[in-house]
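Trainee: Could you take one part of this chain and walk me through it closely? I'd like to see how a helix sits against its surroundings, and then hear about any odd backbone spots.

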Amino acid sequence: MADRKAVVLVARRTFDDAIARLREHFEVRVNDDDAVWPQDELIRRLQGVQGVYITGSEQIDATLLDACPDLRAVCSMAVGYNNVDLPACTARGVLVSNAPDVLTETTADFGFALMMATARRISESEHFLRRGEWHKWSYDMFAGSDVHGSTLGILGMGRIGQAIARRGHLGFGMRVIYHNRSRLAPALEAPLAAQWVEKDALLQQADHLVIVVPYSPASHHAIGARELGLMKPSATLTNIARGGVVDDAALAQALATRRIAAAGLDVFEGEPQVHPGLLTVPNVVLTPHIASASIPTRLAMSHLAVDNLIAALSGGRPPTALNPELLNRGAEPA
Ligand code: 8YV
């Protein structure tokens, strides 16, 4: 019997070029409607499928894996992979990849922009103008806080955190403090003039807190009422990491009572739902999870997922595998 092509499911719509590359190697099924499939529908679509292209939206858990025994590769166009049960995949020999690096600078640009928009009250003042309420100038109209020369606090100092720190230090003369499970090597800290501090000190000292820590059970509600209570009343908080790292209900309360000055949020608990308390307070800038959304970067993310799928299903070395130990296992003599 002639070799049958492996079957790949593209679980959400993506760039035509990326799909065309997959079609050169595989039988490809595409979610043309771009529907977010319920779990049972995703499982149904994965029957007889060897490789799946996913985004941050699909949940790949043990139940799904057990119901989809043909699956050999799960390749995501996202860097964050909290939606994938990596140990469960590894235990079943399913290769997993994410999309690091290609989005670092674009995401850092956005995080910085969101922090600046928050500090300088850009959304709030635009809404005021659009409502036709701008009748005269006044000395304190939408006066916010300075970014240049202030203290930038970063929670989670991975690649994106470091890229934000670089912008703050080199471009805006900010003092950079950070908290991370592990300290950066001195060679990485030095060019950023970045100083590791305890988490509470970070919260107490930051003028602008930017959250870039990956979501995991350990980072769930890393920022809640107690942490917000430690922050300066003049401080801002920007979250470009994941919903769930911040307790959105506690944040809405802190914004309503001006416990902190303002927040910039690109990610939300239970998104695309947004906590109603965040929709009614004026001192928050809200964006729909678009930090990596520049055309070149989304293309690069998409192509990286395709590179991984092609390698994973063709006996190659996926460039950004999260469980590369599976590859070595395959090389062992039978
Ligand atoms: C993506 C992200 O837009 O890469 C990530 O982890 O959060 C975003 O860059 C999204 O998750 C892609 O599915």
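Mentor: Sure, let's start with what lies over helix α6: the cover on its buried residues includes strand β12, residues 284-286. Keep in mind that this is a predicted model. The helix itself runs over residues 122-130, and its buried residues are Ser123, Glu124 and Phe128. Looking down the axis of α6, you'd find those buried residues within an arc of 140°, so they line one face of the helix. A bit of helix geometry helps here: an α-helix has 3.6 residues a turn, so residues three or four places apart point the same way.

Now follow the chain out of the helix. After α6 comes glycine 132, with a positive phi near 75°. Keep going into the loop between α6 and β6 (151-155) and you come to phenylalanine 142. Phenylalanine 142 isn't a glycine, yet its phi is positive too, at about 50°.

While we're on backbone oddities, have a look at aspartate 34, another residue other than glycine with a positive phi, near 60°. You'll find aspartate 34 in the loop between β2 (27-30) and α2 (39-45). Its relative accessibility is 27%, so aspartate 34 counts as partly exposed, given that buried means under 20% and exposed over 50%.

One more spot to click on: the peptide bond from glutamate 271 to proline 272 is cis, and its omega is near 10°. Proline 272 belongs to the loop between β11 (262-265) and α12 (276-280).

Key. Residues numbered from 1 in each chain as written. Predicted model: local features only at pLDDT ≥ 70, side-chain atom pairs only at ≥ 80, totals over all residues. Heavy atoms only, no water. Buried < 20%, exposed > 50% of the residue type's maximum accessible area, 1.4 Å probe, protein only. Helix = DSSP H or I, 4+ residues; strand = E, 2+ residues; numbered from the N terminus. Arc of directions from axis to C-beta. Contact = heavy atoms within 4.5 Å.
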